[in-house]
Amino acid sequence: QLQFVESGGGLVQPGGSLRLSCAASGFTLDGYNIGWFRQAPGKEHEGVLCISDTDDMTYYRDSVKGRFTISRDNAKNTVYLQMNSLKPEDTAVYYCAAASASLATIQAMCVMKIGLATDWGQGTQVTVSS
């Protein structure tokens, strides 16, 4: 079973920062595009940021451009999401997912969730509130 274990969420005030981590379980990151997704109450999972397997391309959701950054450490089999200038509308459960780079572009992965090879993990809750 391929999945991630997410961590690092919490309660933060608007304008604050958080760094999320997700560790791959059951596979290695090599050859996979990786993405961070989020799910707000009553809504479907939506792609936030996706990065290519070679780290040379990223796709950002418009609402997070300039605020969120994705990075990966293949040696540690871990992906990170640095979130700055957080807004209340960023409140959601955040998840990682992977898609084989040979099956889906990062845009297809992030926008339409095409080619996802991992099951959704337990996610990590991010709450932005004063």
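Reader: What makes the side chains along strand 10 alternate?

Author: In strand 10 (residues 124-128), Thr124, Val126 and Val128 point to one face and are buried, whereas Gln125 and Thr127 point to the other face and are not. Buried means under 20% relative accessible area, exposed means over 50%, and partly exposed lies in between, with a 1.4 Å probe and protein chains only. Strands (E, at least two residues) and helices (H or I, at least four) are DSSP runs numbered from the N terminus. The model is predicted: local features need pLDDT of at least 70, side-chain atom pairs count only at pLDDT 80 or more, and totals for chains, interfaces and linings use all residues. Residues are numbered from 1 along each chain as its sequence is written, and side-chain values use heavy atoms, with hydrogens and water left out.

Reader: How do you know that strand 2 and strand 10 pair?

Author: Two strands pair if DSSP finds at least two bridges between them. Strand 2 (residues 10-12) and strand 10 have 3 bridges, in the parallel sense, so the definition is met. Val12 has Val128 as its bridge partner in strand 10, and Gly10 stands opposite Val126.

Reader: What joins strand 9 to strand 10?

Author: Strand 9 (residues 92-100) is joined to strand 10 by 3 bridges, and the two run antiparallel. The bridge partner of Ala92 in strand 10 is Val126.

Reader: Why is strand 2 called an edge strand?

Author: The open sheet has 6 strands in the order 2-10-9-4-5-6, with mixed pairing. Strand 2 and strand 6 (58-60) are the edge strands, each pairing on one side only.

Reader: Why is the link of Cys22 and Cys96 called a disulfide?

Author: A disulfide is a pair of cysteine sulfur atoms within 2.5 Å. The sulfur atoms of Cys22 and Cys96 are 1.9 Å apart, so the pair satisfies the definition. Cys22 lies in strand 3 (residues 18-25) and Cys96 in strand 9, 74 residues apart. Both Cys22 and Cys96 are buried. With -80° about the S-S bond, their link is left-handed.

Reader: Why is the disulfide of Cys50 and Cys110 right-handed?

Author: The torsion about its S-S bond is about 95°, and the disulfide of Cys50 and Cys110 is therefore right-handed. Cys50 is in strand 5 (residues 46-51) and Cys110 in helix 1 (residues 106-112), 60 residues apart. The S to S distance of Cys50 and Cys110 is 2.2 Å, and both cysteines are buried.
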